[in-house]
Amino acid sequence: MANKDNTLSGLGYIKRHSDDIQLLLDKQNELQKRLGHDFKAMSIQEVAMYCIYNKHCLDDEIGEFMDALGGPYGNASWKTWKVQHSDMRFMRIKDLTEEHITELKYEAIDILHFVLNFFNAIQMDSSEVLGMYLSKNKENHARQERKY
């Protein structure tokens, strides 16, 4: 494990159910099946290669999100050498045009597509995703209190 202070194996997860999350997982799984990916039939090696590919896709989508974050200034939001970078210090999301906000939100949705692929690749359902998220979130708050 990458984290030497990892006590997560004993956390378990809070059992919950969310049809909304399951709907997202199912729709993404349906798309992946259409593209020829059957997670239940994949070997661990095939899952690993699929995840490597999806990590690259996710990195690309995060880059597009970061560029969209700059609204009319594009990648000046993070490229410190761009003239407009200093103008962005005081900008808020609400200062963007509706068109730029919509673009930013769709880039976030593109990120979600690839995150969902990871959950589907290891065959997690909505109850596991939500329950494990809630458990890990609780632990993250506890870590802050422990000055982790």
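**Stop 1: Gly 71**

Select Gly 71. This residue sits in the loop between α2 and α3. The model is predicted, so read each stop as a feature of that model. Is Gly 71 buried or exposed? Gly 71 is buried, at 12% relative accessible area. Now add His 100 to the selection. The two residues are 29 apart in sequence, yet their C-alpha atoms lie 5.3 Å from each other. Show the contacts of Gly 71 beyond four places in sequence: they are Leu 96 and His 100.

**Stop 2: the whole chain**

Zoom out and colour by secondary structure. The protein chain has 4 helices and 0 strands. Along the sequence the pattern reads α-α-α-α. Colour by accessibility next. Of the 148 residues, 28% count as buried. Then turn to the contacts between residues at least 6 apart in sequence: 71% of these join residues at least 24 apart.

**Stop 3: helix α1, from Leu 25 to Gln 28**

Select Leu 25, which belongs to helix α1. Its relative accessible area is 1%, so Leu 25 counts as buried. What does Leu 25 touch, leaving aside neighbours within four places in sequence? The contacts are Leu 116, Phe 119, Asn 120, Met 124, Asp 125, Ser 126 and Val 129. Pick Val 129 from that list and draw a C-alpha distance. It comes to 9.9 Å, for residues 104 apart along the chain.

Move to Gln 28, also in helix α1. Gln 28 is buried, with a relative accessibility of 5%. Outside the window of four places in sequence, Gln 28 touches His 113, Leu 116, Asn 117 and Asn 120. Leu 116 and Asn 120 also appear among the contacts of Leu 25.

**Stop 4: the largest nonpolar core**

Select Phe 39, Met 42, Val 47, Tyr 50, Cys 51 and Ala 121. These 6 residues form the largest nonpolar core. Which helix gives the most to this core? Helix α2, residues 44-69, does, with 3 residues. In soluble globular proteins, nonpolar side chains tend to be buried together.

Centre on Tyr 50. Setting aside neighbours within four places in sequence, Tyr 50 is in contact with Gln 32, His 37, Phe 39, Met 42, Asn 117 and Ala 121. Among them, Phe 39, Met 42 and Ala 121 are members of the core.

**Stop 5: two cysteines**

Stay with the core and pick Cys 51. Cys 51 is buried, at 17% relative accessible area. Add Cys 57, which is also buried, at 12%. How many disulfides does the structure hold? The number is 0. A disulfide is a covalent bond between the sulfur atoms of two cysteines.

**Stop 6: the largest pocket**

Switch to a surface view. The largest pocket holds about 210 Å³ of space. To see the lining, select Gln 22, Leu 25, Asp 26, Asn 29, Lys 33, Asp 38, Phe 39, Lys 40, Asn 120, Gln 123, Met 124 and Asp 125. Helix α1, residues 19-34, gives the most to this lining, with 5 residues. Colour the lining by class. It splits into 3 nonpolar, 4 polar and 5 charged residues. Two earlier stops come back here: Leu 25 and Phe 39 are both in the lining.

**Stop 7: Gln 123**

Pick Gln 123 from the pocket lining. It lies in the loop between α3 (98-121) and α4 (126-145). Is its phi positive or negative? The phi of Gln 123 is positive, about 60 degrees, although the residue is not a glycine. Most residues other than glycine have a negative phi.

Gln 123 is partly exposed, at 44% relative accessible area. Its contacts, outside four places in sequence, are Phe 39, Lys 40 and Glu 128. Phe 39 and Lys 40 line the largest pocket as well. Now draw a C-alpha distance from Gln 123 to Asn 29. It is 9.8 Å, across 94 residues of chain.

**Stop 8: Lys 147**

Finish in the segment after α4, where Lys 147 is found. Lys 147 also has a positive phi, near 60 degrees, and is a residue other than glycine. Is Lys 147 buried or exposed? Lys 147 is exposed, because its relative accessibility is 73% and the cut-off for exposed is over 50%.

Conventions
Residues numbered from 1 in each chain as written. Predicted model: local features only at pLDDT ≥ 70, side-chain atom pairs only at ≥ 80, totals over all residues. Heavy atoms only, no water. Helix = DSSP H or I, 4+ residues; strand = E, 2+ residues; numbered from the N terminus. Buried < 20%, exposed > 50% of the residue type's maximum accessible area, 1.4 Å probe, protein only. Disulfide = S-S within 2.5 Å. 1 Å grid on protein atoms, 1.4 Å probe; cavity = no way out; pocket = protein on both sides within 12 Å on 5 of 7 lines; lining within 4 Å. Points joined across faces, edges and corners; volume = space filled by probe spheres on them. Nonpolar A, V, L, I, M, F, W, Y, C, P; charged D, E, K, R; others polar. Core = buried A, V, L, I, M, F, W, Y, C linked by side-chain atoms within 4.5 Å. Contact = heavy atoms within 4.5 Å.
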